[in-house]
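Welcome, and please open your viewer. We will go from stop to stop, and at each one you will hear what to select and what is there.

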Amino acid sequence: MKTLQIALISGAHRSRSQSALVARYLSEFILAQDEVKALNWIDASDPRIPMYEDHGRLTVEQAAHIDSVGDLLSQSDAIVLVSPEYNGGMAGSLKNLLDFYRREYERKPMGLVSVSSGSMGGINALHQMIDFASYVGAYISNKRLMVSEVDKAFDPTGAMVSERLERNARAFVSDLIWLSRAVSTQKAMDSQ
């Protein structure tokens with residue numbers, strides 16, 4: 001039964017990002033799951049997202065866009081963060097977007113995905129995302145997806161060709177959906 005709504009935040013901000021390919025692949029894979037009724041795609045590089053600032057200092061248009069993204073996060077049963085590793089950390093555009101919100105993350109399942117062209121799968125970016133998710137009170141999914149050597153995971157047309165990525169993505173999404181169902185069930189019981 002399709003009941004879950006998931007937000008996926010793509011932290012990539014390069015125009016031809018391999019991380020964006022991973023995020024797109026995951027979004028299609030997540031949407032194909034029986035339990036998922038909607039996927040809210042949020043792009044951290046959206047030019048309508050300003051540098052972090054108090055709401056009172058944003059333009060009307062900026063505040064409206066930030067509020068609409070916040071609504072998507074609030075309505076979602078789970079959030080997936082996908083970040084490339086830049087200079088030993090998560091993407092700055094992703095952190096900038098995440099900083100606009102707080103209560104939207106509390107007691108919400110969060111799946112973490114790090115992407116790197118190197119052999120370590122973006123472990124430093126992953127650690128920063130773990131620290132962030134812990135700090136804001138999210139429930140971190142047990143399975144994390146670390147995509148190493150991302151340049152070998154897709155063919156020149158952008159089609160995913162890595163059996164390892166497919167296998168790991170399947171385990172990651174399965175764990176995230178299990179956690180999301182469990183938390184949604186518990187929240188429904190608590191509201192009765």
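Two strands are said to pair if DSSP finds at least two bridges between them. Strands themselves (E, at least two residues) and helices (H or I, at least four residues) are DSSP runs, numbered from the N terminus.

**Before you start**

This is a predicted model, in which local features need pLDDT of at least 70 and side-chain atom pairs count only at pLDDT 80 or more, while totals for chains, interfaces and linings use all residues. Residues are numbered from 1 along each chain as its sequence is written, and side-chain values use heavy atoms, with hydrogens and water left out.

**Stop 1: the whole chain**

Show everything as a cartoon and trace it from the N terminus. You should meet the order β-α-β-α-β-β-α-β-α-β-β-α, which comes to five helices and seven strands. Along its principal axes, the C-alpha trace spans about 45 × 40 × 30 Å. The radius of gyration, taken over C-alpha atoms, can be set against a globule rule of 2.2 Å times the number of residues to the power 0.38. For 192 residues a compact globule would come out near 16 Å, and the protein agrees because its own value is 16 Å.

Now switch on a surface. Accessible areas here come from the Shrake-Rupley method with a 1.4 Å probe, and for residues only the protein chains shown count as cover. About 10000 Å² is exposed, with carbon and sulfur atoms supplying 48% of it. A residue is called buried under 20% relative accessible area, exposed over 50%, and partly exposed in between (1.4 Å probe, protein chains only). By that rule, 48% of the 192 residues are buried.

Contacts (heavy atoms within 4.5 Å) tell you about the fold too. Of those with a separation of 6 or more, 78% join residues 24 or more positions apart.

**Stop 2: strand β1**

Select residues 4–10, which form strand β1; seven of its seven residues are buried. In a regular strand the side chains alternate between the two faces of the sheet. On one side of β1 you will find L4, I6, L8 and S10, on the other Q5, A7 and I9, and all of them are buried.

Which strands pair with β1? Add residues 36–43: this is β2, and β1 pairs with β2 in the parallel sense over seven bridges. To see the two strands side by side, pick S10, which stands opposite D43 in β2. Then add residues 78–86, strand β3, which pairs with β1 in the parallel sense over five bridges. Here the residue to pick is A7, opposite I79 in β3.

Stay in strand β1 for a moment and select Q5. Its relative accessibility is 13%, so Q5 counts as buried. Beyond its neighbours within four places in sequence, Q5 is in contact with K37, A38, N40, Q75, S76, D77 and A78.

**Stop 3: strand β5**

Next, select residues 109–115. This is strand β5, and seven of its seven residues are buried, so the rest of the structure largely encloses it. Both faces are covered: P109, G111, V113 and V115 are buried on one side, and M110, L112 and S114 on the other.

What lies beside β5? β3 pairs with β5 in the parallel sense over six bridges, and V80 stands opposite G111 in β5. β6 also pairs with β5 in the parallel sense, over two bridges; there, M110 has I140 as its bridge partner.

**Stop 4: three loop residues**

Let us turn to the loops. Select N87, in the loop between β3 and β4 (89–90). At 85% relative accessibility, N87 counts as exposed. Phi of N87 is near 50 degrees, a positive value in a residue other than glycine.

Move on to N142, in the loop between β6 (139–140) and β7 (145–147). With 65% relative accessibility, N142 counts as exposed. Try a distance label from N142 to F172: their C-alpha atoms are separated by 8.3 Å, although the two residues are 30 apart along the chain.

Is E149 buried or exposed? Select E149 in the loop between β7 and α5 (163–190). At 30% relative accessibility, E149 counts as partly exposed. E149 is not a glycine, yet its phi is positive, at about 45 degrees.
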